[in-house]
Structures are given as structure tokens and as C-alpha cells.
Amino acid sequence: MDLILSDIHANLHALRVVLRYAKRRAIARFVFLGDLVGYGAQPNQVLDRIQELKPRIIVRGNHDRACALEGEDLSFSPPARMAALWTRDRLTREHLRFLQEVPSGLLSVEGDYQITHGSPIDEDAYLLHPREALRAFDTFTSDLCFFGHTHLPGGFELDEVRGTMGWIQLEAGTWFQLRPGCRYLINPGSVGQPRDRDARLSFVTYDPARRRVKLHRMPYDHVGAARTIRAAGLHPHLADRLAHGI
Ligand SMILES: [Fe+2]
């Protein structure tokens, strides 16, 4: 079983809850879809925890790039830009080097599936609409690619037999069976900054033997996470939005 996490955004309060779940279920294969840091106030603590896990694979997110690379053009909103500069200043030398070495997508996970942060060809692109997804399906080879970046859980199903393509809503706590003859782009949602008006953290588990995916939504101490953001002097919007899942 693989545990697939995206957009943690330096939210240690949320990550801790996911790791407790993984420990209870004895899940040890972790896959990260980028944006480990940025926005949140505990980047070093989050990177310590991630490194301890010895993840199966990590792909870089646009915030990881912005926080790690000097001279990066920060075409972010003012709160995000401020958070990226704040993070860059505070990362330990070891964490900075670690982030600089995280590869960008598209990456293959031992021939089984692929991962990317934004779209399969552009880590900064948002896959939101079927027409974008249709183009994206042409740019990777496997039947399954996990992506992040939009912070919205769900996915796209391309039925190559019927010639149809549509959005799939994943129901939390229920297995979604991948169908033969179909290809999938699946987003686990965001651990550290959900944006679907549900404050609960979001991730998926993938069972490669049975070709099925399950969405998980769990409450966490978003009040505590918001408190650390305010205490760090980051933009208050980054704290306030956690309570609303926006
Ligand atoms: Fe993100």
C-alpha cells in the first residue's frame, strides 16, 4: 500500500495526524507530490519528519523550488511570496540542500505509476478542467498519474474504449476501483492547506495489487497550525484560511 501525500506546506500539525494513521495501519511506503514547504510556519520540522520516513519518491513542487533556489522569480501573491522568502531564510543548510536536490516531475514510480506536481509537463500548471486533462493524458505513458498543486481532491478518468473523459469525485473512506481500459489522473488533495471548503486534511492510499484508490479526510488541529503562522509573523490570511479550507 502506498500513501500519497501532496501540498503539506510546512503544516506539521496536519502531517502528524497522517503519520499517526500510517503507523496504525503499518503503511511504510510514502510518496510526496511536492510543496513540502511554503505558506506554513514549520518547514524544518516538516522536512525532518519527511526525511525520517525515507520516502519511496518525492517530486518537487513550485513552492519547494521557490523556497530552495536563489534568484527564483517569485511570481506569487504577496502572502505566498513573503512566506517563500521567510522559509528560505529559516531553512537549515541541510534542509536547503535537500530541497534543492528534489527532482522535478514527471517521475515514474518503479514502472507502476507516475507522479507530478502540477501537470505532467509543467509543475506550475493547474489541472482543473477536462480540456487541460485531455492534453495532459497525451504527455505521460502509464495508466495512472498522481498530481497535486490545485489542493483539490478528485481526478480525471479517460475511458479509451468509449472515448469519454470526465471528473471523478472520490468519496472519503470508500475504495475507488480503477477500471481496465481507462487511464487516470488522480489528485489526493492537500495535507496542509485544503481548498475545497473542507478544513480537514486530505490524502489518498493506493493499493497497487488491487488497482484501487481511497481518499482520506481527517480533522487536525488547524487552530494550532494557524497560531504558529501568526506567531511567525507570516501573513494572517495564511492562518485564517485553514479554518475554512480555502
Ligand atoms: Fe501547493
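**Exercise 1. The pair H7 and H8**

Task: Describe how helix H7 and helix H8 pack in this predicted model, and decide whether they are roughly parallel or roughly antiparallel.

Solution.
Step 1. Two packed helices are described by the angle between their axes and the distance between the axes.
Step 2. H7 covers residues 222-231 and H8 covers residues 236-244; they pack at an angle of about 175°, and their axes are 8 Å apart.
Step 3. Angles over 145 degrees count as roughly antiparallel. H7 and H8 are therefore roughly antiparallel to each other.
Step 4. On the H7 side the contact is made by His222, Ala225, Ala226, Ile229 and Arg230, and on the H8 side by Pro236, Leu238, Ala239, Leu242 and Ala243.

**Exercise 2. The six-stranded sheet**

Task: Give the strand order of the open sheet of six strands, and state which strands are at its edges.

Solution.
Step 1. The order is E4-E5-E6-E10-E7-E8, and the pairing is mixed.
Step 2. Strand E4 (107-109) and strand E8 (164-168) are the edge strands, since each pairs on one side only.
Step 3. From one strand to the next, the twist averages 20°.

Task: For the pairs E4 with E5, E6 with E10, and E7 with E10, what is the sense of pairing, and over how many bridges does each run?

Solution.
Step 1. Strands of a sheet pair through backbone hydrogen bonds, either parallel or antiparallel.
Step 2. E4 and strand E5 (residues 113-115) are antiparallel, with three bridges. Here Leu107 stands opposite Ile115 in E5.
Step 3. Strand E6 (residues 144-146) pairs with E10 in the parallel sense, also over three bridges. Phe146 has Ile186 in E10 as its bridge partner.
Step 4. E7 and E10 are antiparallel and share six bridges. Within E10, Arg183 is the bridge partner of Leu158.

Task: Which strands does helix H6 lie across?

Solution.
H6 (residues 130-137) lies across strand E7 (154-159), E8 and strand E10 (182-187). Relative to E8, H6 runs at about 115°.

**Exercise 3. Backbone exceptions in loops**

Task: Where do Ala26 and Lys54 lie, and are they buried or exposed?

Solution.
Step 1. Ala26 is in the loop between helix H1 (12-24) and strand E2 (29-32). Its phi is near 55°, a positive value in a residue other than glycine.
Step 2. A residue with 12 or fewer other C-beta atoms within 10 Å counts as exposed. Ala26 has 7 such atoms and is therefore exposed.
Step 3. Lys54 lies in the loop between H2 and E3. Lys54 is not a glycine either, yet has a positive phi of about 50°.
Step 4. With 9 other C-beta atoms within 10 Å, Lys54 is exposed.

Task: Which peptide bond near the start of E4 is cis?

Solution.
The bond from Gly105 to Leu106 is cis, with omega near 5°. Leu106 lies in the loop between helix H5 (93-100) and E4.

**Exercise 4. The surroundings of Pro55**

Task: Place Pro55 in the fold, and name the residues it touches.

Solution.
Step 1. Pro55 is in the loop between helix H2 (43-53) and strand E3 (57-58).
Step 2. Pro55 has 15 other C-beta atoms within 10 Å and is therefore partly exposed.
Step 3. Not counting residues up to four places away in sequence, Pro55 touches Phe30, Val31, Phe32 and Ile50.
Step 4. Pro55 and Ala28 are 27 residues apart in sequence, and their C-alpha atoms are 8.3 Å apart.

**Exercise 5. The chain as a whole**

Task: Why does the radius of gyration agree with a compact globule?

Solution.
Step 1. A compact globule of 246 residues would have a radius of gyration near 18 Å; the protein chain has 17 Å, so the values agree.
Step 2. The C-alpha trace spans about 55 × 40 × 30 Å along its principal axes.
Step 3. The secondary structure comes to eight helices and twelve strands.
Step 4. Among contacts with a separation of 6 or more, 71% join residues 24 or more positions apart.

Task: How many residues has the largest nonpolar core, and which have the most contacts inside it?

Solution.
Step 1. Buried residues make up 46% of the 246 residues.
Step 2. The largest nonpolar core has 66 residues, and Ile4, Leu5, Val46 and Leu185 have the most contacts inside it.
Step 3. Leu5 touches Val18, Phe30, Phe32, Leu33, Pro188, Val191 and Phe203, leaving out residues up to four places away in sequence.

Key
Residues are numbered from 1 along each chain as its sequence is written. This is a predicted model: local features need pLDDT of at least 70, side-chain atom pairs count only at pLDDT 80 or more; totals for chains, interfaces and linings use all residues. Two strands pair if DSSP finds at least two bridges between them. Helices (H or I, at least four residues) and strands (E, at least two) are DSSP runs, numbered from the N terminus. Axes are lines fitted to C-alpha atoms, for helices over the stretch in contact, and angles run from 0 to 180 degrees between N-to-C directions. Two residues are in contact if their C-beta atoms, placed from the backbone, lie within 7 Å. The radius of gyration is taken over C-alpha atoms; the globule rule is 2.2 Å times the number of residues to the power 0.38. A residue is buried if 20 or more other C-beta atoms lie within 10 Å of its own, exposed if 12 or fewer, and partly exposed in between; C-beta atoms are placed from the backbone. A nonpolar core is a set of buried Ala, Val, Leu, Ile, Met, Phe, Trp, Tyr and Cys residues joined through C-beta atoms within 7 Å. Angles under 35 degrees count as roughly parallel, over 145 as roughly antiparallel, 65 to 115 as roughly perpendicular and the rest as oblique.
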